[in-house]
Amino acid sequence: MIVLQPVLEVTDPAGFTLWPVAGMEPYGFLPLSGALAPAEVGTAVMSIAAHNDVVPAADDHPPRPAGPLGSFLHGLLTMDDLFASGGLRVTDTVSGVTLLPGCCNGLEERRDWFDVLDRD
């Protein structure tokens with residue numbers, strides 16, 4: 001059987017103190033599901049916020065807050081198109097073969113898998 005699992009690439013949680021996060025290996029993949037523990041949800045939010053922690057090019061965004069929490073969440077809360085590093089992990093449960101997302105993929109590109117079905 002072929003199993004598709006959304007996974008999020010985890011940024012380095014070392015030294016992160018804004019909220020509880022799970023102790024995970026940096027740049028590993030966190031499988032996403034409704035069964036995540038609270039610290040894993042914290043890791044997911046931390047990772048998505050970190051991937052979007054950029055200064056927007058447009059002047060129509062509010063300025064970055066001075067406080068550590070507001071500053072860290074600024075991109076997550078103001079960017080129009082968010083990037084969530086990761087993608088779909090494909091596992092063949094019969095052979096045990098697993099395909100992981102590449103380095104330049106994001107969960108927002110998950111619908112690109114429809115191209116596979118169209119042989120594109």
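In this predicted model, V7 stands opposite P31 of strand β2. The two strands concerned, β1 and β2, run antiparallel and are joined by three bridges. β1 spans residues 2-9 and β2 residues 29-31, with a loop between them.

β1 also pairs with strand β3, which covers residues 86-92. Here seven bridges join the strands, and the direction is again antiparallel. Within this pairing, P6 of β1 stands opposite L88 in β3. β1 is thus bridged to β2 and also to β3. As a general point, side chains in a regular strand alternate between the two faces of the sheet.

The loop between β1 and β2 leads to the aromatic residues, since F16 lies in it. Across the whole structure, a search finds three aromatic pairs. One of them is formed by F16 and F72, with 5.3 Å from centre to centre and 55° between the planes, a tilted arrangement. This pair links distant parts of the chain: F72 belongs to helix α2, residues 68-78, and is 56 residues apart from F16.

Both partners are buried, which can be read from their relative accessible areas. F16 has a value of 17% and counts as buried because the cut-off is under 20%. F72, at 15%, is buried because its value also falls under 20%.

The F16 and F72 pair does not stand alone, as ring pairs link F16, W19 and F72 into a cluster. Through F16 and F72, this cluster involves the loop between β1 and β2 as well as helix α2.

Key
Residues are numbered from 1 along each chain as its sequence is written. This is a predicted model: local features need pLDDT of at least 70, side-chain atom pairs count only at pLDDT 80 or more; totals for chains, interfaces and linings use all residues. Side-chain values use heavy atoms; hydrogens and water are left out. Rings of Phe, Tyr and Trp (its six-membered ring) pair if their centres lie within 6.5 Å; planes under 30 degrees apart count as stacked, over 60 as edge-to-face and the rest as tilted. Helices (H or I, at least four residues) and strands (E, at least two) are DSSP runs, numbered from the N terminus. Buried means under 20% relative accessible area, exposed over 50%, partly exposed in between (1.4 Å probe, protein chains only). Two strands pair if DSSP finds at least two bridges between them.
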